[in-house]
There are 2 protein chains.
Amino acid sequence: MITRNPSLTEQVMANIKERIADDGFEDGRIPPETELANDLGVSRTTIRDALSRLEHEGRIYRRQGAGTFVNEQGLQIRSRLEEIWSYEQVLEDHGYTPSVRVLAETTVTPDPETVKALLLDDDDTVLMLEKLFLEDEEPVILTINLIPSKIFTDTDDTEAEMPPVYEFLERHANRTLSYYLSEIIPVALDKKLAAKLGVAPGTLAISFDEIGFDQNNEPVVRATSYFRDDLLRFRLMRRRAGA
Amino acid sequence: MITRNPSLTEQVMANIKERIADDGFEDGRIPPETELANDLGVSRTTIRDALSRLEHEGRIYRRQGAGTFVNEQGLQIRSRLEEIWSYEQVLEDHGYTPSVRVLAETTVTPDPETVKALLLDDDDTVLMLEKLFLEDEEPVILTINLIPSKIFTDTDDTEAEMPPVYEFLERHANRTLSYYLSEIIPVALDKKLAAKLGVAPGTLAISFDEIGFDQNNEPVVRATSYFRDDLLRFRLMRRRAGA
DNA sequence: AAGTGGTCTAGACCACTAT
DNA sequence: TAGTGGTCTAGACCACTTC
């Protein structure tokens, strides 16, 4: 039941992205907003919507009075940390062709911290989903997801392919993942984790501890993830707040 | 030469933020957009602008057809990683009253990586600015800034107080810092760094390696920063791209 | 002075939620 | 079915850059 004819704004974004990729703008200069509006047959407001979002994505920059330009610097970023939505996608952005291996899929009793984070009752259980993302048999990312058992709408959850968590939640719990609150933690991998990620114990890594919220702002998943620092570096764009 | 009468959108944002802080919305429900527009005497477009930005900041969330609500979860975040602009502010957000100590302020020959990052010529030098941010004599953040000597417009750069880098650049180089491209790296602090941060050698920390760009999208500063993981944790909000 | 992006308005219509 | 947020339009005026 996907209802999704792309909005005009999204079509404009796609159009401009293409022209950027094809190097279709002379000197990296993007035409004036009024010209784009005329050419594409939409209002200037719609054009500005699209440009604002492209600017926020780091693909262009604008200077009042001067013009709008392609941001060559921003194009360097492959995965913008704050816009990651699936690790498969992250690996693809890095030029990999990822595979996923499910290491565990069992129902367990949650630890106190998870109980608190997911607003569980004392006798609630959670589904633990441990997944390893690999590139050509080389482990890159390890994630452990904890999802309250009680939110599942079907009991038959055996799937041949394991989809990304947000898709899993839509299919089996009828929840739409809206955003994650994430904490970034530096760790030295212990024996077990190091073995799973195929590195020496004590290797440094970035770890995420995060909680995912659904469309009603209710916590639906707690995730812990570990990343091979030698294979995957996160980048982000820091801006002035409110800009 | 600050020209800054707050826009209507910003005034609306401030107004709603206040009412959120004062718990002035019953059941966390924010009035309909048309009502806000009437009450505040601005167009609905302006209201929507303000609400969009508040939503992006994680302070509210919206559900089509249902309404707009205060996001209690988002209020928990003290410093949103992607919106950090000065470390003084970060520490203040954490309830600290920070002080800054300048450890070094000298002109040096840059390493090859910095030359490349800042698009320097072979004989260019950079100003190295090493600063320590403390809370009550306890070191929390160490930053090393490298700024091309050639961009300074004045030679007299002795100041009693050391301002944040973006202010320093505005004053002495007439450049407006627009954004940083940052890379997040896990590190074990070596002897020297550990000593400066007042922890044991080998202590784990998050490190940023970043390049700051000005209003013309030219690189103007390279910064390396280290954070006491036991005193300061970075959080961020991850969303679906384009949302 | 001309041209660009930045802000704001007033209004139309659509998609979705609640009841 | 009424009410909410989501998208889009056409146009006005302002702030800034460029020449």
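## How the two copies meet

Contact here means heavy atoms within 4.5 Å. This is a predicted model. By that measure of contact, 100% of the interface residues of chain A are also interface residues in chain B, so the copies meet through the same surface.

Superposition tells a matching story. A turn of 180 degrees and a shift of 0.0 Å along the axis lay chain A on chain B, with an RMSD of 0.1 Å. The two copies are thus related as by a two-fold rotation axis. Which residue of chain A comes closest to the rotation axis? A:Pro186 does, with its C-alpha at 2.7 Å.

## A sheet that draws on both chains

One open sheet has 7 strands, and its pairing is antiparallel. The order is β4(A)-β5(A)-β6(A)-β9(A)-β8(A)-β7(A)-β10(B). Chain B thus supplies a strand to this sheet, β10(B), which follows β7(A) in the order. At the edges stand β4 (98–108) of chain A and β10 (234–239) of chain B; each has a single partner strand, so one side of each is left without a neighbour in the sheet. Neighbouring strands of this sheet are turned by 20 degrees against each other on average, direction ignored.

Inside the sheet, β8 (residues 204–214) and β9 (residues 219–228) of chain A run antiparallel and are joined by 9 bridges. One pair to find is A:Asp209 with its bridge partner A:Thr224 in β9(A). A helix packs on this sheet: α6 (residues 165–173) of chain A. Helix α6 touches β5 (126–135), β6 (138–148), β7 (177–188) and β9 of chain A. The direction of α6 makes about 140 degrees with that of β7(A).

## A three-stranded sheet in chain A

Chain A also holds an open sheet of 3 strands, in the order β1-β3-β2, with antiparallel pairing. The edge strands are β1 (29–30) and β2 (60–63) of chain A, and each pairs on one side only.

Strand β2(A) is joined by 4 bridges to β3 (residues 67–70) of chain A, and the two run antiparallel. Within that pairing, A:Tyr61 has A:Phe69 in β3(A) as its bridge partner. Strands of a sheet pair through backbone hydrogen bonds.

## DNA strand D

Around DNA strand D there are 24 residues. The nearest are A:Leu8, A:Ser43, A:Thr46, A:Arg63 and B:Arg44. The residues of this surface divide into 5 nonpolar, 12 polar and 7 charged. Five elements each supply at least two residues: α1 (8–21) and α3 (44–56) of chain A, and α3 (44–56), β2 (60–63) and β3 (67–70) of chain B. The largest share, 3 residues, comes from α3(A).

Which parts of the DNA strand come within 4 Å of the protein? Sugar or phosphate accounts for 66% of those atoms of DNA strand D, and bases make up the rest. Individual contacts reach both parts. A backbone N or O atom of B:Glu33 is 2.9 Å from a phosphate oxygen of DNA strand D. The side chain of A:Gln64 places an N or O atom 3.1 Å from a base nitrogen of the strand. B:Gln64 likewise has a polar side-chain atom 3.1 Å from a base nitrogen of DNA strand D.

## DNA strand C

DNA strand C is surrounded by 24 residues, and the closest are A:Arg44, B:Leu8, B:Ser43, B:Thr46 and B:Arg63. Of the strand's atoms that come within 4 Å of the protein, 66% belong to sugar and phosphate. The surface near DNA strand C is made of 5 nonpolar, 12 polar and 7 charged residues. At least two residues each come from α3, β2 and β3 of chain A and from α1 (8–21) and α3 of chain B. Here α3(B) gives the most, with 3 residues.

Several contacts can be picked out. B:Ser43 has a polar side-chain atom 2.7 Å from a phosphate oxygen of DNA strand C. B:Thr45 has a polar side-chain atom 3.4 Å from a base nitrogen of the strand. For A:Gly65, a backbone N or O atom lies 3.0 Å from a base nitrogen of DNA strand C.

Conventions:
Residues numbered from 1 in each chain as written. Chains lettered and ligands numbered in written order. Predicted model: local features only at pLDDT ≥ 70, side-chain atom pairs only at ≥ 80, totals over all residues. Heavy atoms only, no water. Near = heavy atom within 4 Å. Polar contact = N/O pair within 3.5 Å; in protein donor to acceptor, adjacent residues only side chain to side chain. Nonpolar A, V, L, I, M, F, W, Y, C, P; charged D, E, K, R; others polar. Pairing = 2+ DSSP bridges. Least-squares fit on C-alpha atoms with pLDDT ≥ 70 in both. Axes fitted to C-alpha atoms, helices over the stretch in contact; angles between N-to-C directions.
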